[in-house]
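Please take a moment with the sequence and the structure below before reading on. The paragraphs that follow lead through a charged side chain and then a patch on the surface.

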Amino acid sequence: MTALAILIVIGPLAGPAAAALRARARAAGGASAAGAVVSLVAAIALLAAQVHRAPLTGWAGFLYVDALSGFFLLTVAGVTLLAAVGSVAYLSAEEDAGTLSAFQVRLYFIFFGLFASLMLASLETGNLGLLFVLVEASTLASAALVGLEGKARSLEAAWKYVIISSLGVTIALAGTLFLFYAASALPLTSNERLTWPYLIMHAAALAPQPLRLAFLLAVVGYGTKVGLAPMHTWLPDAHAEAPSPASAMLSAALLNTGMYAIIRFLAITQARLGTTFPHAVLLTFGFASIVIGVLFMVRRGNFKRLFAYSSVEHMGIIAVALGFGGVLGLYGALLQTLNHAIAKAVLFLGSGDVALRYKTREAPEVRGLLAAVPVTGGALLLGSLAVLGSPPFGLFLSELTIVRAGFAGASPVLPLLLLALLAVAFIAFARTTAGMVTGQAPAPPPAYTGRAARWAAAIPLAAGLVALLVLGLWIPAGLNTAILHSMAVIR
Amino acid sequence: MSAVEKLAATSPEGVLLDLSAVLILLLAFACLGSKLFNRYVAYYGAQSVVLSFAAAVAAWTFHSVELWILAVLTLAVKGIGIPLATRRLLLRRLPLARDTAISTGLSTSLIAGGALTAFAYLVTRPQLLPHGVVAAAVVPLSTAVILLGALAMVVRRHTVAQLIGWLIVENGVFLGAITLVATFPFIVEAGIFLDIAAGVLIMLVFVSGITRELAEASAAELRELRG
């Protein structure tokens with residue numbers, strides 16, 4: 001079991017190893033993808049083996065994998081695989097076009113692998129201090145990806161990202177500190193006082209006031225990484241300026257890792273203080289994020305920024321779902337996490353194809369995608385429909401579950417507000433993407449040279465859409481069990 | 001008896017820790033009240049040296065080898081390494097002297113800093129902590145240092161000033177960590193150090209990149225507008 005957990009973390013390091021051996025984009029990308037396959041298979045095996053047993057622990061709690069970690073590992077490893085395959089196509093196109101130097105390509109694969117590996121590691125630790133260390137380290141690795149192109153715009157975006165996220169995560173560290181202090185009356189060693197399973201076991205004896213402060217600081221701190229408003233300001237810039245497969249990783253993997261940290265704090269806080277206070281906090285930040293996300297989606301412009309604001313909105317929806325709570329709320333939140341991750345990976349990878357072909361990231365300059373580039377255009381259209389929660393895709397099911405969770409609560413005002421905001425989001429988002437895919441326009445020169453690159457660009461789009469469709473029609477029994485066991489960890 | 005209770009506020013060690021914390025706060029204020037990049041770095045370096053002294057006092061009180069290592073690390077990385085790197089790689093190369101990108105007057109930011117310090121006392125002192133232990137004095141002080149660092153990041157728009165602001169926030173958290181919870185696991189503390197060092201390194205790369213790109217951009221503009 002421990003071997004599987006280690007394999008998950010080591011897998012993505014195949015890319016950096018290849019890049020260190022001076023491999024070119026195609027080979028390094030291939031190594032990254034192979035490593036990601038190893039990670040994903042190990043994550044599935046671990047989840048399958050672990051779900052009915054006691055959590056996997058080791059090294060004095062520094063290693064701790066329960067169903068919740070297993071579920072997020074599955075999500076992040078899946079996204080890493082999609083993004084790694086997409087990277088093969090994107091980076092070899094950039095290398096062939098001379099946009100990125102061989103050195104920059106190597107840097108990309110080194111930091112891509114480190115980023116994925118650190119995120120997966122942060123999902124496997126039970127020590128909240130180590131969680132902070134790994135999350136901050138993954139911030140640094142991903143900031144290098146954002147600033148990779150070295151232009152003034154990307155450097156500024158990277159700066160904004162690294163300084164805001166570092167400050168945010170430092171606030172989360174202060175929250176961790178207060179949690180540690182809240183546990184000072186417990187008969188635990190200093191190591192155990194930072195270790196999640198011990199804390200949840202002794203939750204009833206935690207000091208309430210420091211715990212309250214700890215939860216608030218953790219939500220603000222890790223919420224900065226999640227992109228909860230008003231701490232989201234780094235997010236659109238970073239997503240717009242990063243190479244597209246890296247944007248996919250940011251949106252579909254990094255944000256979820258932050259949410260995972262918040263869920264860990266939520267579980268402890270809920271066990272001691274009841275649900276009223278943490279739910280109010282999550283609902284406030286959640287609705288603020290949805291409103292901000294939707295408002296900024298109305299503007300037509302850079303399509304990667306549009307997708308980024310849609311991520312703010314979706315993270316808000318997940319926070320709201322956690323805030324609604326109950327069986328439906330938690331189920332909806334976890335399902336939404338998986339669905340959104342896949343859908344956003346498809347959209348950002350598709351946006352990479354568009355940006356390579358049209359040499360622009362401005363939506364009004366792109367027309368007639370469906371006629372000119374059927375694969376990318378189709379993926380973008382279907383991906384947009386999926387991310388907006390249209391049936392038959394998975395997000396329809398998860399958003400419906402979340403709204404139902406809201407109606408199960410005391411007041412129908414909040415779920416009605418959520419529905420209204422989702423409707424506005426649909427119009428705002430579809431207005432831009434519909435303009436991009438419809439119409440007639442001359443086809444631009446192809447983005448990729450060679451059959452391998454074309455397949456590498458198309459496969460993740462198709463695989464992601466198929467997964468979304470399957471999740472919309474039928475939730476596999478294994479996944480259902482995994483989600484139910486994850487919920488048991490939180491409640 | 002927990003580690004915190006051993007460290008009574010009236011013991012010599014407790015007094016030393018309290019004094020260090022006050023000095024750290026004053027140095028944060030000094031940084032907030034300055035306009036020269038050189039001074040920002042100097043005050044930050046001095047603050048880190050005091051912080052490492054505080055860590056040494058805690059290490060001596062608790063007979064903790066790990067805290068001794070942390071004190072040495074603080075001195076080496078934050079007290080000497082980071083100020084030196086910032087000076088060599090940024091201030092001299094770019095040449096930076098006076099910070100002109102401050103959105104409020106110095107007196108306004110000092111008054112705001114005073115208000116934040118009062119606020120820190122208000123929120124942390126009464127409900128949270130048992131009286132008579134040194135942590136009861138240090139926690140509001142470290143909270144105030146965190147808030148002052150954040151304030152510096154808000155009112156200053158220059159990248160170097162924001163970097164120093166973040167480092168001051170980090171120092172505030174660390175001050176809380178060594179006194180409030182003297183026994184934070186060592187692996188975690190060491191990891192935090194690694195993060196800070198790597199973070200500063202990557203930020204220095206970005207800052208010099210941005211400054212270079214902007215300089216080139218403005219020069220290009222000048223050329224285009226000519227004639």
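**A buried glutamate and a nonpolar patch**

In this predicted model, A:E399 is buried (under 20% relative accessible area, with exposed meaning over 50% and partly exposed in between, for a 1.4 Å probe and protein chains only), yet A:E399 has no salt bridge, and the nearest side chain of opposite charge, A:K344, is 9.4 Å away. A salt bridge here is a side-chain nitrogen of Lys or Arg within 4 Å of a carboxyl oxygen of Asp or Glu; Lys and Arg count as positive and Asp and Glu as negative, while His and the chain ends are not counted.

Local features need pLDDT of at least 70 and side-chain atom pairs count only at pLDDT 80 or more, whereas totals for chains, interfaces and linings use all residues. Residues are numbered from 1 along each chain as its sequence is written, chains are lettered from A and ligands numbered from 1 in the order in which they are written, and side-chain values use heavy atoms, without hydrogens and water.

A:E399 belongs to helix α17 of chain A, residues 394-407, where helices are DSSP runs of H or I with at least four residues, numbered from the N terminus. Which residues are in contact with A:E399, leaving aside its neighbours within four places in sequence? With contact meaning heavy atoms within 4.5 Å, they include A:I317, A:V387 and A:L422.

Turning to the surface, A:L370, A:L381, A:L382, A:L385, A:F426 and A:I427 make a nonpolar patch of about 460 Å². Helices α16 (374-387) and α18 (413-437) of chain A each give two or more residues to this patch, and A:F426 is found in α18.

Notes:
Patches are made of residues with over 30% relative accessible area and no salt bridge: like charges are joined within 9 Å, nonpolar side chains (Val, Leu, Ile, Met, Phe, Trp, Tyr) within 5 Å. Accessible areas come from the Shrake-Rupley method with a 1.4 Å probe; for residues, only the protein chains shown count as cover.
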